[in-house]
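User: Please take a close look at the site around the ligand in this model. I would like to know what surrounds the ligand and how it is held by polar contacts, with a short note on the backbone and helix packing elsewhere.

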Amino acid sequence: MADNYLEKRMEQYRSRSSSPQGAKTKEGFSSLLVKNRSTRGYDASYRVRADQLRRIVAVNTKLASARNRQPLRFRLVTADEAYKVLPLVRMGAGLKELNLPLEGTEPNAFIIVCSTIEPRNSTFVDLGISVQSMLLQAVEMGLNGLCMMDFDADGLVDALALPYKPLLVIAVGKSSEKIELVDIKAADDHAYYRENGVHYVPKVVVEDLIIE
Ligand SMILES: Cc1cc2nc3c(=O)[nH]c(=O)nc-3n(C[C@H](O)[C@H](O)[C@H](O)COP(=O)(O)O)c2cc1C
């Protein structure tokens, strides 16, 4: 029996019993993409478990990797250690005045992504594939996340005794935010903004993405 078999069955059972219909409805890819918004406010009463983080990281066993090197490694951080990470990451630089995350909505779980090799271009492509896949897995599990490259890497190495320098940090949790996408033209302002408690994220329409 695969060693994560029981873990998977438990997760299926939990998501089934939390669904009002008593059966898990399969999410479409487009719906997962829309729900996969960068989330900077979380429900503090929801504690993300280590087995949930492990399931998110497990997507990496099925991903493309340049030359199949698979240089990425992942440090799981749950509520008991989250206080070490929180002061070392920076959220929402585009809304500095808000000092995100708002008090009481801080994430209590993180995945620290490291590389075993000196990162080269292909490592960053591996990183992007990995991070987006993990975020989509989190969304499929009813969670959300935020990938961050604005953080104190040396501080994290010290705080968590990491054997490798981190490339990126993902916060994971149950979202407490309302986030909406807004269509824009390529020439319009790309900055995200908040109005009446809603976080709006402008996205360039497909017509402007395709080179004619
Ligand atoms: C490579 C990368 C690094 C990012 N770093 C940060 C960060 O350090 N802090 C943060 O709050 N958001 C960070 N973000 C999130 C972006 O701000 C976010 O993707 C953007 O505002 C669009 O929102 P969306 O992800 O909901 O589409 C990062 C995103 C990417 C792809």
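Analyst: What follows describes the ligand site, then one helix pair and two points in the backbone. The model is a predicted one, and side-chain atom pairs are counted only where pLDDT is 80 or more.

The shell around the ligand has 14 residues, and those that come nearest are Arg-37, Ser-38, Arg-40, Gly-92 and Lys-203. By class, the shell consists of 7 nonpolar, 5 charged and 2 polar residues. Two strands each supply at least two residues of this shell: S3, which spans 144-148, and S7, which spans 198-204. Strand S3 gives the largest share, with 3 residues.

Three of the nearest residues can be described through their polar contacts with ligand oxygen atoms. In Arg-40 the side chain takes part, with an N or O atom 2.8 Å from an oxygen atom of the ligand. Lys-203 also uses its side chain, where a polar atom lies 2.8 Å from a ligand oxygen. At Gly-92 the partner is a polar backbone atom, and the distance to an oxygen atom of the ligand is 2.7 Å. As for cover, the ligand taken alone exposes 610 Å², of which the protein buries 69%.

Now the helix pair. Two packed helices are described by the angle between their axes and by the distance between those axes. For helix H3 (residues 50-57) and helix H5 (residues 121-140), the angle is about 135° and the axes are 8 Å apart. Angles over 145 degrees would count as roughly antiparallel and those from 65 to 115 as roughly perpendicular, so H3 is oblique to H5. The crossing in which H3 passes H5 is right-handed.

Two backbone features remain. Most peptide bonds are trans, and most residues other than glycine have a negative phi. The peptide bond from Leu-100 to Pro-101 is cis, and its omega is near 5°. Pro-101 sits in the loop that runs between helix H4 (79-85) and strand S2 (109-115). Ala-161, a residue other than glycine, has a positive phi, near 50°. Its loop lies between helix H6 (153-160) and strand S4 (166-173).

Note on methods:
Residues numbered from 1 in each chain as written. Predicted model: local features only at pLDDT ≥ 70, side-chain atom pairs only at ≥ 80, totals over all residues. Heavy atoms only, no water. Near = heavy atom within 4 Å. Polar contact = N/O pair within 3.5 Å; in protein donor to acceptor, adjacent residues only side chain to side chain. Areas by Shrake-Rupley, 256 points an atom, 1.4 Å probe, with all protein chains shown as cover. Helix = DSSP H or I, 4+ residues; strand = E, 2+ residues; numbered from the N terminus. Nonpolar A, V, L, I, M, F, W, Y, C, P; charged D, E, K, R; others polar. Axes fitted to C-alpha atoms, helices over the stretch in contact; angles between N-to-C directions. Parallel < 35°, antiparallel > 145°, perpendicular 65-115°, else oblique. Left-handed = near helix turned anticlockwise from the far one by under 90°.
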